[in-house]
Amino acid sequence: PGLPAMDTTEKILLSIHDTCNRTGLSRTRIYEELSAGRLQSLKVGRRRLVPRSAIDEWIHNLLKVSRQ
């Protein structure tokens, strides 16, 4: 069980700007989600990056909560 095949045209780690573009949310809202611990990220040097998989998981969790 290795890593899934990667689409080399898409980034694995997204900047906050790219995360905003991908989700349609504002920088403020993305930072609120990060601060609350609902959206995971990591720092590489001075950059804050959001893994694509973390965005997918965050959306999945939002859907679970909205269905309750």
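Student: Let's start with a charged pair: which residue does arginine 38 form a salt bridge with?
Tutor: Bear in mind that this is a predicted model. Arginine 38 counts as partly exposed, at 47% relative accessibility. The closest N and O atoms of the pair are 2.8 Å apart, inside the 4 Å cut-off for a salt bridge. The partner of arginine 38 is glutamate 33.

Student: Is glutamate 33 buried or exposed?
Tutor: Glutamate 33 is found in helix H2. Leaving aside neighbours within four places in sequence, glutamate 33 is in contact with Arg38, Leu39 and Trp58. The relative accessibility of glutamate 33 is 1%, and the cut-off for buried is under 20%. By that rule, glutamate 33 is buried.

Student: Which residue of helix H2 forms a salt bridge with glutamate 33?
Tutor: Look along helix H2: the two residues of this pair lie four residues apart, about one turn of the helix. Their closest N and O atoms are 3.1 Å apart. The partner is partly exposed, with a relative accessible area of 39%, whereas glutamate 33 is buried. That partner is arginine 29.

Student: Where do the buried residues of H2 sit around the helix, and within what arc?
Tutor: The buried residues of H2 (residues 27-35) are Ile30, Glu33 and Leu34. Seen down the axis, they line one face of the helix, because they all fall within an arc of 100 degrees.

Student: Which exposed residues does the face of H2 turned away from the buried side carry?
Tutor: Start from the buried side, where the cover includes H1, E3 and H3. To count as exposed, a residue needs over 50% relative accessible area. On the face turned away from the buried side, the exposed residues are Thr28 and Ser35.

Student: How are H1 and H2 oriented to each other?
Tutor: Their axes come within 9 Å and cross at roughly 105 degrees. At the contact, Ile16, Thr19, Cys20 and Thr23 in H1 meet Arg27, Ile30, Tyr31 and Leu34 in H2. Angles of 65 to 115 degrees count as roughly perpendicular. H1 and H2 are therefore roughly perpendicular.

Student: On to the sheet: what is the order of the strands?
Tutor: This is an open sheet of three strands with antiparallel pairing. The edge strands, each pairing on one side only, are E1 (13-15) and E2 (42-44). On average, neighbouring strands are turned by 50 degrees against each other, direction ignored. The order is E1-E3-E2.

Student: In E3, which residue is the bridge partner of valine 44?
Tutor: E2 and E3 (residues 47-51) run antiparallel and are joined by three bridges. One of the paired positions is leucine 42, with leucine 49 as its bridge partner in E3. For valine 44, the bridge partner is arginine 47.

Student: Which residue in the hairpin of E2 and E3 takes a positive phi?
Tutor: The hairpin has two residues between the strands. A positive phi also turns up elsewhere: H2 is followed by glycine 37, with a phi near 80 degrees. In the hairpin the phi is near 65 degrees, and the residue is glycine 45.

Student: Which residue in E3 does leucine 14 stand opposite?
Tutor: E1 and E3 pair in the antiparallel sense, over three bridges. Across from leucine 14 you'll find valine 50.

Student: At what angle to E1 does helix H1 run?
Tutor: Helix H1 (residues 16-23) lies across E1 and E3. Its angle to E1 is about 95 degrees.

Student: How many residues apart in sequence are the parts tied together by glutamate 10 and arginine 52?
Tutor: The side chains of glutamate 10 and arginine 52 meet in a salt bridge, 3.6 Å from N to O. Glutamate 10 lies in the segment before E1 and arginine 52 in helix H3. Both count as partly exposed, glutamate 10 at 36% relative accessibility and arginine 52 at 22%. The pair therefore ties together parts whose separation in sequence is 42 residues.

Student: Which residue is linked with Glu10 and Arg52 in a network of salt bridges?
Tutor: By the 4 Å rule, the count of salt bridges comes to five. Linked with Glu10 and Arg52 in a network is Arg22.

Note on methods: Residues are numbered from 1 along each chain as its sequence is written. This is a predicted model: local features need pLDDT of at least 70, side-chain atom pairs count only at pLDDT 80 or more; totals for chains, interfaces and linings use all residues. Side-chain values use heavy atoms; hydrogens and water are left out. Two strands pair if DSSP finds at least two bridges between them. Axes are lines fitted to C-alpha atoms, for helices over the stretch in contact, and angles run from 0 to 180 degrees between N-to-C directions. Contact means heavy atoms within 4.5 Å. Buried means under 20% relative accessible area, exposed over 50%, partly exposed in between (1.4 Å probe, protein chains only). The arc is that of the directions from the helix axis to the C-beta atoms. Angles under 35 degrees count as roughly parallel, over 145 as roughly antiparallel, 65 to 115 as roughly perpendicular and the rest as oblique.
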